Amino acid sequence: MDIEMETVKTNGNDTVAHLGTTGTGDNHADRCHSTTERSVLLGAQNGQNGETMRSGRLATEEGAVYRVKRELSEAVCGKVRLWMLLALLAVLIAAVVLLSLAVCSAVREDPDEKFDRSSFRVARLFNGSFRLPGLAFAEDLLSISSDRSRALASDLEGKLSGLYRSSPALGRYFSKAEIYALRNDSVIAEYQLTFVMPEEHEEQLRSFTLSREMVYNVLRQFLSDQQDSDASAASSLYIDPVSLKLS
């Protein structure tokens, strides 16, 4: 860079003022080249620092793995290693969990489910009737021995039997359902329900479990649910809940 000196007079005194001027284009290129070299050197230094950090990190990780292996291989008691104890502990925990699940999933026997059916010798009968509004009356239904009457009676008996056999309270005592008559008046079916019970609990069962109210309410609830599930009363086996009678 060229520096020119120029004398400036102020109040009779000579004062030297330094006036700087920019250099030539070659000097500017030199400065750019120097800056580029510094950038390259910094980049190389940063790269070396990154490699050093990665190497240090890998060394630290390898050292941690080595320490863990060494600690696991340490003898705890005689020839027993620490990893053996940890493996045994894991097996014991798994065994306890599996045993707990097996115990929880085991079928628990309900004492009420244990009963001797052969001891049920006392019969209790209920008679009643109901109307079948979805069935058109025909003369051959008046004879319970006709093919149509037997088929209808069998279907109705199956319906009643399935209901009472599936009842949690009455299922064990239920014996049979029988349709013994069909009569005119939108087809009214007369039926009989037979339950059997043990002698030692006869009075209690008559008063509560096999009372008329219990037997009637189970059937009435079934018919009410049937009314909700059937799309219409057109089915020949549809029973009108309002018409139900039981004594």
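**Figure 1. Environment of D240 and its ionic partner R131 in the predicted model.** D240 counts as buried, its relative accessibility being 13%. A salt bridge links D240 to R131, and the closest N and O atoms of the pair are 2.7 Å apart. D240 is located in the loop between α5 and β8 (245-246), whereas R131 belongs to strand β5, so the pair ties together parts that are 109 residues apart in sequence. R131 has a relative accessibility of 26% and therefore counts as partly exposed. In total, 5 salt bridges are counted; two others appear in Figures 2 and 3. Side chains of opposite charge can pair when their charged atoms come close.

**Figure 2. D140 in contact with R148 and S146.** The side chains of D140 and R148 form a salt bridge with an N to O distance of 3.9 Å. Both residues of this salt bridge are partly exposed: D140 has a relative accessibility of 34%, and R148 has a relative accessible area of 37%. The backbone oxygen of D140 also takes part in the local arrangement, lying 2.6 Å from a polar atom of the S146 side chain. S146 is placed in the loop between β5 and α3 and is buried, with a relative accessible area of 16%. The side chain of S146 makes a further polar contact, of 2.9 Å, with the side chain of S149.

**Figure 3. The salt bridge between D147 and R150 in helix α3.** The side chains of D147 and R150 meet with an N to O distance of 2.5 Å. The two residues are 3 residues apart in helix α3, so about one helical turn separates them. D147 counts as exposed at 57% relative accessibility, while R150, at 45%, counts as partly exposed.

**Figure 4. Strand β7 and its pairing with β5 and β6.** Strands β5 and β7 run antiparallel and are joined by 11 bridges. Within this pairing, A123 stands opposite V196 of β7. β6 also pairs with β7 in the antiparallel sense, here over 8 bridges, and L182 stands opposite A189 of β7. Of the 11 residues of β7, 10 are buried, so this strand is largely enclosed by the rest of the structure. In a regular strand the side chains alternate between the two faces of the sheet.

**Figure 5. The largest nonpolar core.** This core comprises 36 residues, and those with the most contacts inside it are F130, Y164, I179, Y191, L193 and F195. At least two core residues come from each of β5 (120-131), α3 (147-165), β6 (174-183), β7 (188-198) and α5 (212-229). In soluble globular proteins, nonpolar side chains tend to be buried together.

**Figure 6. Contacts of L193.** L193 is among the residues with the most contacts inside the largest nonpolar core. With neighbours within four places in sequence left aside, L193 is in contact with R124, L125, F126, L160, Y164, F174, K176, A177, V215 and L246. One of these partners, Y164, is likewise listed among the core residues with the most contacts.

Conventions: Residues are numbered from 1 along each chain as its sequence is written. This is a predicted model: local features need pLDDT of at least 70, side-chain atom pairs count only at pLDDT 80 or more; totals for chains, interfaces and linings use all residues. Side-chain values use heavy atoms; hydrogens and water are left out. A nonpolar core is a set of buried Ala, Val, Leu, Ile, Met, Phe, Trp, Tyr and Cys residues joined through side-chain atoms within 4.5 Å. Buried means under 20% relative accessible area, exposed over 50%, partly exposed in between (1.4 Å probe, protein chains only). Helices (H or I, at least four residues) and strands (E, at least two) are DSSP runs, numbered from the N terminus. Contact means heavy atoms within 4.5 Å. Two strands pair if DSSP finds at least two bridges between them. A salt bridge is a side-chain nitrogen of Lys or Arg within 4 Å of a carboxyl oxygen of Asp or Glu. A polar contact is a pair of N or O atoms within 3.5 Å; within protein, one must be able to donate a hydrogen and the other to accept it, and residues adjacent in sequence count only if both atoms are side-chain atoms.
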